[in-house]
Amino acid sequence: MPIISVIVPVYNVEDYLEYCVHSILNQTLKDIEIVLVDDGTPDNSGVICDKLAEEDERIVVIHKENGGLSSARNAGLAVARGKYIGFVDSDDWIEPDMYEYLLNLITENNADIADCEMLETSIRDYVIDKECEQIEFLNRSGALDIFFRISKANINYCVCDKLFKREIFEKVTFTEGIIFEDIDFNYRALVNIESIVVSNVKKYYYFKNPEGISRNSFREKDMDLLKVWDNIIKMSETYSLEYKVYAEFNRARADFGLLCKMFKYGTRNDGGDYNKIRKELLKSVRSNFWMLLKGRLPSNRKVLLILMTINYRLVEIPLRCLRILGGNK
């Protein structure tokens with residue numbers, strides 16, 4: 001039985017997959033199982049999965065019909081044999097010692113989850129600068145304080161820079177059919193653990209495609225974010241009632257964030273009724289104006305909030321200009 005199973009959902013990544021998988025195969029910790037889940041990919045990624053499996057017996061391949069990221073991760077969980085579980089997205093890559101580092105953190109602190117930091121980059125040979133290591137051990141309440149943005153610590157909802165005890169997945173799996181599944185999963189995981197250990201050391205490289213600006217444009221499916229927070233509000237009544245007010249704030253913040261995304265990147269040309277969506281989001285933001293203004297928002301965001309409630313075009317034009325001047329940021 002391997003000590004760690006790493007689940008890699010695969011879809012339309014034929015140009016990136018081998019680089020990703022080799023970064024896992026070359027880990028300093030060798031006792032690793034890699035579960036490649038071909039999620040009905042239409043390109044040659046499935047063929048590449050099989051070729052990689054022939055080259056290294058630590059690789060297991062699943063071929064399935066397309067079901068989305070959560071479905072692929074759940075399929076991987078169904079066959080994973082490791083004592084601990086990790087996830088890597090198939091166009092990303094990791095530092096050679098990431099899993100040895102996370103395993104030491106989780107075992108030395110007897111934690112349920114170990115968490116490092118990630119770096120967004122479009123440069124494959126990027127070298128992370130060495131930094132002063134800061135490690136924090138958090139109980140469930142401390143972790144939820146970060147999740148709900150009560151703490152000043154930076155929030156990271158991604159599951160890919162973490163290592164999880166296998167037992168967590170006996171209670172929690174990924175909700176299928178939605179995006180923003182990592183936010184949904186993280187909440188349900190955190191209310192079912194005792195502790196998490198968090199490091200500021202960067203070990204995970206998140207690939208940021210410099211040609212992918214169009215992928216950031218607003219789409220109707222982005223409204224899933226509101227469903228996720230509505231569900232967290234409902235679940236907080238059972239699992240973390242003291243955090244319900246913070247869940248409601250984050251729901252209002254999600255409305256505001258979606259509007260900013262719409263104004264900055266524009267909308268998809270897919271027939272969606274984006275005028276209606278914009279009006280709904282603006283109505284919600286204006287009704288929650290004072291909650292957002294008094295809450296934990298950066299000062300520049302509060303300026304945008306004020307301008308948005310006066311006239312959304314006061315925000316739309318500057319954000320579009322910012323995107324053009326700053327690229328895909």
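This section describes aromatic pairs, charges over rings, a buried helix and a helix crossing in a predicted model.

A search of the whole structure gave 22 aromatic pairs. One of them joins Phe147 and Trp229, whose rings are tilted, with 5.6 Å from centre to centre and 45 degrees between the planes. This pair links distant parts of the chain, since Phe147 belongs to helix H5 (residues 140–147) and Trp229 to helix H7 (residues 224–239), 82 residues apart. Phe147 has a relative accessible area of 2% and is therefore buried. Trp229, at a relative accessible area of 3%, is buried because the limit is set at under 20%.

In the pair of Phe218 and Tyr274, the ring centres are 5.9 Å apart and the planes stand at 80 degrees, so the arrangement is edge-to-face. Here too distant parts of the chain are linked: Phe218 is in the loop between strand E9 (195–207) and H7, while Tyr274 is in helix H9 (residues 274–287), 56 residues apart. Phe218 and Tyr274 are both buried. A pair of aromatic rings is described by the distance of the centres and the angle of the planes.

Phe147 and Trp229 also belong to one aromatic cluster, together with Phe148, Tyr157, Tyr187, Tyr243 and Tyr246.

Rings are also found beneath charged groups. Arg73 lies over the face of Phe87, 5.6 Å from the centre of the ring. Lys203 places its charged end over the ring of Tyr101, at 5.1 Å from the ring centre.

Arg73 is one of the buried residues of H3, as are Ser70, Ser71, Ala72, Asn74, Ala75, Gly76 and Leu77. Helix H3 is largely enclosed by the rest of the structure, because eight of its eleven residues are buried. The cover over these buried residues includes strand E1 (4–10), strand E2 (32–39), strand E3 (59–64), strand E4 (84–87) and helix H6 (181–190).

Within H3, which spans residues 69–79, Asn74 was examined further. Its relative accessibility is 15%, so Asn74 counts as buried. The side chain of Asn74 makes a polar contact of 3.0 Å with the side chain of Glu176. When residues up to four places away in sequence are left out, Asn74 touches Thr173, Phe174 and Glu176. Glu176 thus appears among the residues touched by Asn74 and as its side-chain polar partner.

Helix H9, which holds Tyr274, packs against helix H11 (residues 299–310) at an angle of about 115 degrees, and the two axes are 10 Å apart. The crossing of H9 and H11 is left-handed. On the H9 side, Leu282, Val285 and Arg286 take part in the meeting, and on the H11 side Leu305, Met308, Thr309 and Ile310 do so. An α-helix has 3.6 residues a turn, so residues three or four places apart point the same way.

Glu316 is located in helix H12 (residues 313–326). With a relative accessibility of 14%, Glu316 counts as buried, because the limit is set at under 20%. The side chains of Glu316 and Arg313 are joined by a polar contact of 2.9 Å.

Technical notes. Residues are numbered from 1 along each chain as its sequence is written. This is a predicted model: local features need pLDDT of at least 70, side-chain atom pairs count only at pLDDT 80 or more; totals for chains, interfaces and linings use all residues. Side-chain values use heavy atoms; hydrogens and water are left out. Rings of Phe, Tyr and Trp (its six-membered ring) pair if their centres lie within 6.5 Å; planes under 30 degrees apart count as stacked, over 60 as edge-to-face and the rest as tilted. Helices (H or I, at least four residues) and strands (E, at least two) are DSSP runs, numbered from the N terminus. Buried means under 20% relative accessible area, exposed over 50%, partly exposed in between (1.4 Å probe, protein chains only). A charge sits over a ring if NZ of Lys or CZ of Arg is within 6 Å of the ring centre and within 35 degrees of the ring normal. A polar contact is a pair of N or O atoms within 3.5 Å; within protein, one must be able to donate a hydrogen and the other to accept it, and residues adjacent in sequence count only if both atoms are side-chain atoms. Contact means heavy atoms within 4.5 Å. Axes are lines fitted to C-alpha atoms, for helices over the stretch in contact, and angles run from 0 to 180 degrees between N-to-C directions. A crossing is left-handed if the near helix is turned anticlockwise from the far one by less than a right angle, and right-handed if clockwise.
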